[in-house]
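This report concerns aromatic ring pairs and the packing of two helices. Please consult the sequence and the structure shown here.

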Amino acid sequence: MKRLLIVAHSPSVNTRALCDAVQRGAKHDDIESVTCIVKTPFEAGPTDILHCDGIVLGTTENLGTMSGALKDFFDRSYYGVLDEKQGLPCALYIRAGHDGTGTRRAVESIVTGLRWRWVQDPLIFRGEWQEAFIRQAEELGMTLAAGLDNGLF
C-alpha cells in the first residue's frame with residue numbers, strides 16, 4: 001500500500017470542506033492501493049513524511065504568505081527529511097482571500113529546497129467562496145492518489 005499524506009491547515013468551515021474534498025478524491029473507489037492520512041500541520045511531522053509516498057499541502061493565505069501552522073510544520077520537518085525524501089511527489093492548494101502569489105512563492109521556495117516533485121501546478125482558490133472549489137480539490141486528491149496507485153510517481 002502506498003501512503004498519501006494530506007497536511008492541511010483548515011481553520012474554517014470552507015477550508016475544512018477543501019481538505020475533506022481532497023481526502024474524498026484520494027479515496028475514490030477506483031484507487032485500490034493507496035491509504036490516505038490526514039493531519040493538521042501541528043499534528044504532522046518528519047516521521048509522517050518519511051513514511052509517505054506522496055503529500056498534499058493545504059494552507060490559507062495569511063498576511064500574504066502561508067499559514068503559521070504550515071510554516072511550523074516545515075520548520076520542524078525540513079532537516080529531518082531533506083536527504084531521504086528527495087523527489088517526493090507533492091501538490092499544494094491555497095485558500096486565498098487575495099491573489100495567493102506570496103503564499104505560493106513561499107511554499108514553492110521550501111519545496112524546491114526539499115527537492116520534492118510537483119505533480120501539478122498549485123491550486124489557488126481565490127476571492128469569494130465558490131462551490132467549484134470543492135470539485136477542484138477533489139480532483140487534486142484523486143490525481144495524486146491515482147498517480148501513486150498506478151506507479152506514475
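The sections below describe a predicted model, beginning with its aromatic rings and ending with a helix contact.

## Aromatic pairs

A pair of aromatic rings is described by the distance of the centres and the angle of the planes. The structure holds six aromatic pairs. In one of them, the ring centres of F73 and F74 are 5.5 Å apart and the planes meet at 50°, so this pair is tilted; tilted pairs are those with planes neither under 30 degrees nor over 60 degrees apart. Both F73 and F74 are buried.

The rings of F125 and F133 also form a pair, with centres 4.9 Å apart. Their planes lie at 45°, so the pair is tilted.

## The cluster around F125 and F133

F125 and F133 belong to a cluster in which ring pairs link Y93, F125, W129 and F133. F125 has a relative accessibility of 1% and therefore counts as buried. F133 is buried as well, its relative accessible area being 4%; the cut-off for a buried residue is under 20%.

## Contact of helices α3 and α4

Helix α3 spans residues 68-81, and helix α4 spans residues 101-114. Their axes come within 11 Å and cross at roughly 10°. The helices α3 and α4 are therefore roughly parallel to each other, a term that applies to angles under 35 degrees.

On the α3 side, the contact involves L70, F74, Y78 and V81, which meet V107, I110, G113 and L114 of α4. Of the residues in this contact of α3 with α4, seven are nonpolar, one is polar and none is charged. F74 thus appears both in this contact and in the tilted pair with F73.

Note on methods
Residues numbered from 1 in each chain as written. Predicted model: local features only at pLDDT ≥ 70, side-chain atom pairs only at ≥ 80, totals over all residues. Heavy atoms only, no water. Phe/Tyr/Trp six-rings, centres within 6.5 Å; stacked < 30°, edge-to-face > 60°. Buried < 20%, exposed > 50% of the residue type's maximum accessible area, 1.4 Å probe, protein only. Axes fitted to C-alpha atoms, helices over the stretch in contact; angles between N-to-C directions. Helix = DSSP H or I, 4+ residues; strand = E, 2+ residues; numbered from the N terminus. Parallel < 35°, antiparallel > 145°, perpendicular 65-115°, else oblique. Contact = heavy atoms within 4.5 Å. Nonpolar A, V, L, I, M, F, W, Y, C, P; charged D, E, K, R; others polar.
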